[in-house]
Amino acid sequence: MKSILIDAKWLYNGPTSGKVVVKQQVKQLERFTSDYRITLIVDKNDPNISKYETLGFFTLKIPNYSLLTNLLIFPFLFYFNKFDVCLFQNYTPIISRNKSIVFVHDIIFYTHPNFFSLFERLMFRFILLSLHLADEIVTISENERSRIKNYLKKNKTIHVVYNGVDHLISNYKSVEKNGVIKSTIDVSGKYVLYVGRINDRKNVKNLITSFNYLSRLDVKLVIAGGDDWQNTLNKIPSERILFTGYVSDDDLIWLYNNASIFAFVSYEEGFGLPPLEAMSYNLPVIVSNTSCFPEVCGNAAVFVDPNKPKDIASKIEKLLNDEDLRNQLKRNGEVRVRRFTWENSIKKLIDILGK
């Protein structure tokens, strides 16, 4: 039986987007524990370790020091443990006698350093070292594969495994089945919804500025997400702009279900999950015409120049006034999201690991 090691430390403590991906990886890999011997590297403080073992996984419990753990502690770990293949998150051990595959979400820090702190840039630089140390690479879009290729000195196999979008949908179905969806968010009437962190890379500033051109329309902008360090946005209170801060899954479900339009005009993303989540809630979507968005959203979105608030405003107004276009985008979105499920994602990942 083939022995597979999965770096799953982020189940307990990791970046938000990375935590979602690892959680879904482990959830879906449960189906393969009878076909492969799957061992999870877990944070020794994770309270769910016994649960993972009950589901059929083996575990290796270690202290989690992020970068240092992967680069320096893992080599000692592998001296005593041999695996056929290992999947790491971002950072590959400096020395390993196992076949290593590194899962890298993006290297935007390299092409757009202005969006990251000095500490982040220094720490993320080790990802480039990992790309060269790993036997193979997995990333989350063709756009990101092209970016990585530009910075590799050697030819390496780079696999694309798209993210899935159904973790909130399952929550929605559960809430819908058990009663009325409730929310603590106080907003009424038509609103455009943005979901994500508030930082300069997400381009929330130009989205807000676009509402200066929409003064004659009775529509609000709801921004659901918390502040990031790299944020020069001046959050001035307004009757038309609502900042919710971080929201619970229930509140997020409510916001998706009651919005008129979803807008995500980020400058750069590795994959861009929120627009697909919005499509899964039957929302018409507006996204940037750059980065991974044309690849991921296809014919199910209206595209805008993220540098031009007037263009963003024009597309919002057109979408609000054109019911046929809204309905067409909803239909296209319904079809589009079927391509991006965690089940499909893990099937492809297990194919890569099982070779």
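This passage describes a parallel sheet, the strand at residues 261-264 and the cysteines of a predicted model.

The sheet is open and is formed by six strands in the order 10-9-8-11-12-13, with parallel pairing. Strand 10 (241-245) and strand 13 (302-304) are the edge strands, and each of them pairs on one side only. On average, neighbouring strands of the sheet are turned by 25° against each other, direction ignored. Helix 12, which covers residues 309-321, packs on this sheet. The helix touches strand 8, strand 11, strand 12 and strand 13, and its direction makes about 160° with that of strand 13.

At one edge, strand 10 is joined to strand 9 (residues 220-224) by four bridges, and the two strands pair in the parallel sense. Within this pair, Val222 stands opposite Leu242 of strand 10.

Strand 11 comprises residues 261-264. In the order of the sheet, strand 11 lies between strand 8 and strand 12. Strand 8 (residues 191-195) runs parallel to strand 11 and is joined to it by two bridges. On the other side, three bridges connect strand 11 with strand 12 (residues 285-288), and these two strands also run parallel. Phe262 takes part in the pairing with both neighbours: Leu193 stands opposite Phe262, and Val285 is the bridge partner of Phe262 in strand 12.

The side chains of strand 11 point in two directions. Ile261 and Ala263 point one way, whereas Phe262 and Phe264 point the other way. All four of these residues are buried. Between strand 11 and strand 12 comes helix 10 (residues 273-280), and the three elements together make a right-handed β-α-β unit.

The cysteines were examined for disulfides, and the count comes to zero. A disulfide requires two cysteine sulfur atoms within 2.5 Å. For Cys292, the closest cysteine sulfur is that of Cys297, at 7.5 Å, and this is too far for a bond. The closest cysteine sulfur to that of Cys297 is in turn the one in Cys292, so the distance of 7.5 Å rules out a bond for Cys297 as well. Cys292 has a relative accessibility of 0% and therefore counts as buried. Cys297 also counts as buried, because its relative accessibility is 0%.

Terms used
Residues numbered from 1 in each chain as written. Predicted model: local features only at pLDDT ≥ 70, side-chain atom pairs only at ≥ 80, totals over all residues. Heavy atoms only, no water. Buried < 20%, exposed > 50% of the residue type's maximum accessible area, 1.4 Å probe, protein only. Pairing = 2+ DSSP bridges. Right-handed = clockwise from strand over helix to strand, strands pointing away. Axes fitted to C-alpha atoms, helices over the stretch in contact; angles between N-to-C directions. Contact = heavy atoms within 4.5 Å.
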